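Hello,

As agreed, I am handing over the structure we spoke about. Please have it open while you read; my notes follow below it.

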Amino acid sequence: MANVLHINSSVRNSGSLSRQLSGEFVAKLAAQGDTIVVRDLAAQPVPHLTEEVMGAFFTPAEQRSAQAVAAVQLSDTLVDELLAADVLVLAAPMYNFSVPSTLKAWIDHVARAGRTFQYTANGPVGLATGKKAVIFTASGGVYSEGPGAAYDYLSTYLRTALGFIGITDIEFVQAEGVAMGDDAVTSAIAKGRASIEALAA
């Protein structure tokens, strides 16, 4: 049995294909006996980094003031959730060619020197290894191929950011072209469900 961390970043509670498809996938994992932890970044947004929080990150734990301990507490909780997970499920719709700002804020809090990566003489090394990430994206246009591929900063960013902290086993389930009519939405859902069946098998 696996520990699964499910991150939702869509601002929409209804009509969100990234929420819908990632939820269906996680439900299958739960039915298999996996333990699910859900963090909804729309319902409980992670704040953007501040100078105080950044300063606390780079202060050794034993030297932090009570104020610095409080400043870093949420980040520590988010990192602990990530490190405890065997599988990371991200629901990441494309907003303006990249990830929602709430998901970027979550990444800023979990990409922590000394916790999820470390600097070495040979460069940075990820510490959050041994995990699989399944990323459910949704976009109004088509960005996996064709002219739109040049504008896909969502998948390239997530591969880079997760890879930097050691998560390199990544699968994308893409619901594309969903602004192109009902048939496109139906097709995207069908393709997504086929991918879910294969991933959950």
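Let me begin with one residue, tyrosine 151, which counts as partly exposed because its relative accessibility is 46%, a value that falls between the cut-offs of 20% and 50%. Please keep in mind throughout that the model is predicted.

Tyrosine 151 belongs to a small group of rings: Phe97, Tyr143 and Tyr151 are linked into a cluster by ring pairs. In the structure as a whole, the count of aromatic pairs is five. One of them joins phenylalanine 97 to tyrosine 143, with 6.2 Å from centre to centre and 80° between the planes, which makes the pair edge-to-face. Where do these two residues sit along the chain? Phenylalanine 97 is in the loop between strand E3 (87–93) and helix H4 (101–110), and tyrosine 143 is in the loop between strand E6 (132–138) and helix H5 (153–164), so the pair ties together parts that are 46 residues apart in sequence.

The two partners differ in their class of exposure. Tyrosine 143 is buried, at 18% relative accessible area, while phenylalanine 97 is partly exposed, at 36%. Phenylalanine 97 has a second partner in tyrosine 151: the ring centres are 5.6 Å apart and the planes stand at 35°, so this pair is tilted. The pair also links distant parts of the chain, with tyrosine 151 in the loop between E6 and H5 and phenylalanine 97 in the loop between E3 and H4, 54 residues apart.

The loop between E3 and H4 has a further point to look at, in its backbone. Phenylalanine 97, which is found in this loop, has a positive phi near 75°, although the residue is not glycine. Asparagine 96 is placed in the loop between E3 and H4 as well, and its phi is also positive, near 50°, again in a residue other than glycine. Is asparagine 96 buried or exposed? Its relative accessible area is 73%, and the cut-off for exposed is over 50%, so asparagine 96 is exposed.

Now to the chain as a whole. It has six helices and seven strands, and along the sequence they follow the pattern β-α-β-α-α-β-α-β-β-β-α-β-α. The radius of gyration is 18 Å and the globule rule gives 17 Å for 201 residues; the two are close, so the chain is as compact as a globular protein of that length. Along the principal axes, the C-alpha atoms fill a box of roughly 60 × 40 × 35 Å. Of the 201 residues, 45% are buried. Among contacts with a separation of 6 or more, 79% are between residues 24 or more positions apart.

That leaves the empty space. Rolling a probe the size of a water molecule over the atoms shows where such space is left.

The largest pocket holds about 210 Å³. Its lining consists of Val142, Glu145, Val173, Gln174, Glu176, Gly177, Ala184, Ser187, Ala188, Lys191, Gly192 and Ser195. Strand E7 (169–175) and helix H6 (182–200) are the elements that give two or more residues to this lining. Which of them gives the largest share? H6 does, with six residues. By class, the lining of the largest pocket has four nonpolar, five polar and three charged residues.

The second largest pocket has a volume of about 160 Å³. It is lined by 14 residues, and those nearest its centre are Arg12, Leu17, Pro93, Ala138 and Val178. The lining of the second largest pocket has seven nonpolar residues, six polar ones and one charged.

How many cavities of 30 Å³ or more does a search of the whole structure find? The search finds one, and the volume of this largest cavity is about 60 Å³. The residues lining it are Met94, Thr137, Ala138, Ser139, Tyr143, Asp152, Leu154, Ser155, Gln174 and Glu176. At least two residues of this lining come from E6, and at least two from H5. By class, four of the cavity-lining residues are nonpolar, four are polar and two are charged.

Some names recur in these lists. Tyr143, one of the residues lining the largest cavity, is also part of the ring cluster with Phe97 and Tyr151. Gln174 and Glu176 line the largest cavity and are likewise among the residues that line the largest pocket.

Regards

How values were computed. Residues numbered from 1 in each chain as written. Predicted model: local features only at pLDDT ≥ 70, side-chain atom pairs only at ≥ 80, totals over all residues. Heavy atoms only, no water. 1 Å grid on protein atoms, 1.4 Å probe; cavity = no way out; pocket = protein on both sides within 12 Å on 5 of 7 lines; lining within 4 Å. Points joined across faces, edges and corners; volume = space filled by probe spheres on them. Helix = DSSP H or I, 4+ residues; strand = E, 2+ residues; numbered from the N terminus. Nonpolar A, V, L, I, M, F, W, Y, C, P; charged D, E, K, R; others polar. Phe/Tyr/Trp six-rings, centres within 6.5 Å; stacked < 30°, edge-to-face > 60°. Buried < 20%, exposed > 50% of the residue type's maximum accessible area, 1.4 Å probe, protein only. Rg over C-alpha atoms; globule rule 2.2 N^0.38 Å. Contact = heavy atoms within 4.5 Å.
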